[in-house]
Amino acid sequence: MAEFSWDIRSPLDRALVSGAYGARGDAGVLLTEIRNFDLVQVMARRGKAADMAKAAKGRFGVAAPETPKAVTTADATLIWSGPDQFFVLSQGGKHGTGALAPAFAASTSLSDQSHARVLISASGAKARAMLAKLSSIDLHPDTFAVGTAAPTSMDHTSVTIWRGNDRVDGQAVFNVLVFATFAESLWHTMLDSAAEYGVNIRHSEELT
Amino acid sequence: MRIVCPFCGERELGEFTYLGDAKPVRPAADAGEDAVFDYVYLRDNIAGVMNENWYHGGGCRAWLKVTRNTLTHEISAVEPAPGAGAAKVDA
Ligand SMILES: [Zn+2]
């Protein structure tokens, strides 16, 4: 009988090869897959949007985004994903479905997406140029400032993209959540798009 | 063509799916065969301004009602379709 291994592995386990890729020299793009996160989709039940907003304020101390924004708290990021719904991105189980249920169960449906999405962070001097080839939304800093989010499509694939806090060196950081089964395809597309700038590839267990 | 989603902002056509005329309304159960036939099968073919249902599947996944001129593709209004966004129902 076949032996199965049920170890949790990233959908990019085979595709992601750490190190340099594409043009040589200083890498214009840093691509990091973040492999260890809790992701919960919070959706208001019919007529319960106000109750959901109240619960979010009570749980996180900040208002949940009601427009295409990402709001960062001390230990979680709330990312708008559509009318009356948002993602909670965190680590360590503190804001997993079980932890959120007491506050949200009366007003929302919670859905654990932790292993259903892949999280890719793109930064570096050419990250915006690389993403602009794949995206039809305007990523110019005047329009896509820190904290701006967008549910959109890249290479015909549904993604949620948002701009995180800038790196310590001032470079913009773009975070992309993609469905796990489409992650490898989008990953290769990103590598093709970034190759001319030189890429530094890594994965990380840390959100920041 | 670009559509300004009331939730997401301006997006390209490829993120949307066209459903068709937004005018037909499901007739009452006792409305009779002609009314049901009309609702299911008959559609106006307007050369001009009409209301249409569009689905923002490549974005927020909301249903939208778009007012579009079929001759010029000019869009004069976009609003959430009834029920789009749980807050818009029974709020
Ligand atoms: Zn939308």
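Biologist: Let's start in chain B. Which residue stands opposite Arg68(B) in S6(B)?

Modeller: In this predicted model, Ile75(B) of S6(B) stands opposite Arg68(B).

Biologist: What makes S5(B) and S6(B) a pair?

Modeller: Pairing needs at least two bridges between the strands. S5(B) and S6(B) are joined by five bridges and run antiparallel. Therefore they count as paired.

Biologist: Which strands make up the open sheet in chain B, and in what order?

Modeller: Four strands, in the order S3-S4-S5-S6, with antiparallel pairing. The twist from one strand to the next averages 30 degrees.

Biologist: Why do S3 (17-21) and S6 (75-80) of chain B stand at the edges?

Modeller: Each has a single partner strand, so one side of each is left without a neighbour in the sheet.

Biologist: How do you know that S1(B) and S2(B) pair?

Modeller: The cut-off is at least two bridges. Four bridges join S1(B) to S2(B), and the two run antiparallel. So they qualify as paired. Arg2(B) stands opposite Glu12(B) in S2(B). A hairpin of three residues joins the two strands.

Biologist: Now the zinc ion. What makes a residue one of its protein donors?

Modeller: Distance: a donor N, O or S atom must be within 2.8 Å of the zinc. Cys5(B) (SG), Cys8(B) (SG), His56(B) (ND1) and Cys60(B) (SG) lie 2.0 to 2.5 Å from the ion. So these count as donors. Their spacing in sequence is C-x2-C-x47-H-x3-C. Cys8(B) and His56(B) link distant parts of the chain, 48 residues apart. Cys8(B) is in the loop between S1 (2-5) and S2 (9-12), and His56(B) in the loop between S4 (49-55) and S5 (63-69).

Biologist: Why is the arrangement of the four donor atoms called tetrahedral?

Modeller: All angles must lie between 85 and 135 degrees. Around this zinc ion they are 99 to 117 degrees, so the arrangement is tetrahedral. The ideal value for four tetrahedral donors is 109.5 degrees.

Biologist: Are Cys8(B) and His56(B) buried or exposed?

Modeller: Buried means under 20% relative accessible area. Cys8(B) has 12%, so it is buried. His56(B) has 0%, so it is buried too.

Biologist: Over to chain A. Why is Thr108(A) called buried?

Modeller: Its relative accessibility is 1%, so it falls under the 20% cut-off. Thr108(A) is found in strand S7, residues 108-112. It touches Val42(A), Met43(A), Ala44(A), Arg45(A) and Met52(A), leaving out residues up to four places away in sequence.

Biologist: Why is Gln171(A) called partly exposed?

Modeller: The class runs between 20% and 50%. Gln171(A) has 25%, so it fits. Gln171(A) lies in the loop between S10 and S11. Beyond neighbours within four places, Gln171(A) is in contact with Gly124(A), Ala125(A) and Asp166(A). From Met43(A) it is 33 Å apart in space, C-alpha to C-alpha, and 128 residues apart in sequence.

Biologist: Which residues have the most contacts inside the largest nonpolar core?

Modeller: Leu31(A), Met130(A), Leu131(A), Ile161(A), Trp187(A) and Met190(A), in a core of 32 residues. H4(A) gives the most to this core, with six residues. Met190(A) touches Leu31(A), Ile120(A), Met130(A), Leu131(A), Leu134(A) and Val176(A), sequence neighbours up to four places away aside. A second, separate core has 15 residues, including Val40(A), Ala56(A), Ala64(A) and Phe86(A).

Key:
Residues numbered from 1 in each chain as written. Chains lettered and ligands numbered in written order. Predicted model: local features only at pLDDT ≥ 70, side-chain atom pairs only at ≥ 80, totals over all residues. Heavy atoms only, no water. Donors = N, O, S within 2.8 Å, 3.2 Å for Na, K, Ca; no water. Tetrahedral: all angles 85-135°; square planar, octahedral: opposite > 155°, others 65-115°. Buried < 20%, exposed > 50% of the residue type's maximum accessible area, 1.4 Å probe, protein only. Core = buried A, V, L, I, M, F, W, Y, C linked by side-chain atoms within 4.5 Å. Contact = heavy atoms within 4.5 Å. Axes fitted to C-alpha atoms, helices over the stretch in contact; angles between N-to-C directions.
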